[in-house]
Amino acid sequence: AAAFGLLPKVYTFSQEEEEAFYSEFVKRLNSYGITSVCDMSMMPQEGADFVRDDIYERLLRQGKMNVRVNMYPTLRMDLSRPREMREKYDGQILRCQGVKQFMDGVSSCHTAYLKVPYTNAYFDGDCGRTTIPVDEMREMILNAAKHDLSVRIHAIGDMAIHELLDIFEEAEQKYGYKPELQHTLEHLENFLPEDIGRLAKVHVLPSVQPPHLVLDMEGIERDLGEARIKDMWPFRRMIDTGSTLAFGTDSPVVDCNPFYGIYNAVTRKNVQSREPDGGWMPEEKITLSEALSSYTYGSACAASRADAVGTLASGKLADIAVLDRNLFEIDPEEIPDTCVVMTIMDGKIVYQK
């Protein structure tokens, strides 16, 4: 916790440097056809979320914000920061409608929270752990739901997902279904099979990152074993049981190129190696149309912005990416080579190749 608290002090730059970093990243996003992002807390501790609304605000005044940013500061019991940000940022470019927290860690470090110990357990009862005690997480989520804030929680292990679905179900029973909110679970790598269909029932949207599923397939199999990996990143079953998938890239963990993620979801193969042949857990492949919808409409739903962006429709904001090829007419192996020739935000060209 002490180290997390120091990180914002370590990553301190001049105002000119900060604005240059952010401006260049906005240009990079536009070059991939991206006009909307979700900037979510990177740390569980208050004060270390790295959501720099001050930089966005300065760039907006300078006319350099060619990306819509949905901000999600750290979820704590004290909701003063997100509530102040929600009031201040409710425009078409900068918005804050929710909060972010971490339920567990990652499988590769045995910190993702599992029901049954890791297959290659480091010690007896090696099931990982929660980042925050379950009772404390429950209290924070219920409090956020009460105050009309969407909640997004990092959850990778099957038990972390299970506990959170119970909490979100309780929140809906207690405060009713609020369609203006969109609670999401982030990553959702390893499921108890019975929980896949619960997502849609409790109105929790799965926000997933296709590149993750092919980052380290051998490591995942080593950590979780042959039986459990069949329930890893079950995109096909999530859609078939009524969920709307929201795709993203989890930048800077992986590259922000969306065409890599589309390829991962459609083929279940690694972009660089083009392996494994036939795809990893190929029964969970989804169609190109579903993958594109997940990157556009689904992501807009996750950010509570489907009323304004995510589809091309009368009355919506004119955010459009023009590609150099028709994805529906090419071999899926060509998808990663796709380039954006023009990006339009709100009817204005913000990138042209």
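Two strands pair if DSSP finds at least two bridges between them. Helices (H or I, at least four residues) and strands (E, at least two) are DSSP runs, numbered from the N terminus. Keep both in your pocket for these exercises.

A word on the model: it is predicted, so local features need pLDDT of at least 70 and side-chain atom pairs count only at pLDDT 80 or more, while totals for chains, interfaces and linings use all residues. Residues are numbered from 1 along each chain as its sequence is written, and side-chain values use heavy atoms, with hydrogens and water left out.

**Exercise 1. Find the partner of β4 and work out how the two strands run.**

Step 1. Pick out β4 at residues 98-102 and β5 at residues 150-155.

Step 2. Look at the bridges: five of them join β4 to β5, and the two strands run parallel.

Step 3. Zoom in on one residue. F102 stands opposite H154 in β5.

Step 4. Now check the cover. Buried means under 20% relative accessible area, exposed over 50%, and partly exposed in between (1.4 Å probe, protein chains only). By that rule, five of the five residues of β4 are buried.

Step 5. Sort the side chains by direction: G98, K100 and F102 point one way, V99 and Q101 point the other way, and all are buried.

**Exercise 2. Put the strands β1, β2 and β3 in order and say which stand at the edges.**

Step 1. The order is β1-β2-β3, an open sheet with parallel pairing.

Step 2. β1 (36-40) and β3 (94-96) each have a single partner strand, so one side of each has no neighbour in the sheet.

Step 3. On average, neighbouring strands here are turned by 20° against each other, direction ignored. For such angles, axes are lines fitted to C-alpha atoms (for helices over the stretch in contact), and angles run from 0 to 180 degrees between N-to-C directions.

Step 4. Try one pair: β2 (residues 68-72) is joined to β3 by three bridges, and V69 has L94 as its bridge partner in β3.

**Exercise 3. Do the job again for β9, β10 and β11: what is the sense of the pairing?**

Step 1. These three strands form an open sheet in the order β9-β10-β11, and the pairing is antiparallel.

Step 2. The edges belong to β9 (320-323) and β11 (348-352); each has a single partner strand, so one side of each is left without a neighbour in the sheet.

Step 3. Between β9 and β10 (residues 340-345) you should find four bridges. A321 stands opposite T343 in β10.

**Exercise 4. Describe the lining of the second largest pocket.**

Step 1. Get the rules straight. On a 1 Å grid over the protein atoms alone, a cavity is a set of points where a 1.4 Å probe fits but cannot get out, and a pocket is an open set with protein on both sides within 12 Å along at least five of seven lines; lining residues have an atom within 4 Å of a point.

Step 2. The volume is about 360 Å³. Grid points are joined across faces, edges and corners, and a volume is the space filled by probe spheres set on the points.

Step 3. There are 24 lining residues, and Y177, L181, Q182, H203 and V204 lie nearest the centre.

Step 4. Two or more residues each come from α6 (158-175), α8 (198-201), β7 (204-208) and α12 (288-302). α6 gives the most, with four.

**Exercise 5. Hunt for unusual backbone spots: which peptide bonds are cis, and where is phi positive?**

Step 1. Most residues other than glycine have a negative phi, and most peptide bonds are trans.

Step 2. The bond from S251 to P252 is cis, with omega near 10°; P252 lies in the loop between β8 (246-247) and α11 (258-267).

Step 3. E275 and P276 are also joined by a cis peptide bond, with omega about 0°. P276 is in the loop between α11 and α12.

Step 4. F50 has a phi near 65° and lies in the loop between β1 and α3 (53-61). F50 is partly exposed, at 23% relative accessible area.

Step 5. D148 has a phi near 60°. You'll find D148 in the loop between α5 (134-146) and β5, partly exposed at 34% relative accessibility.
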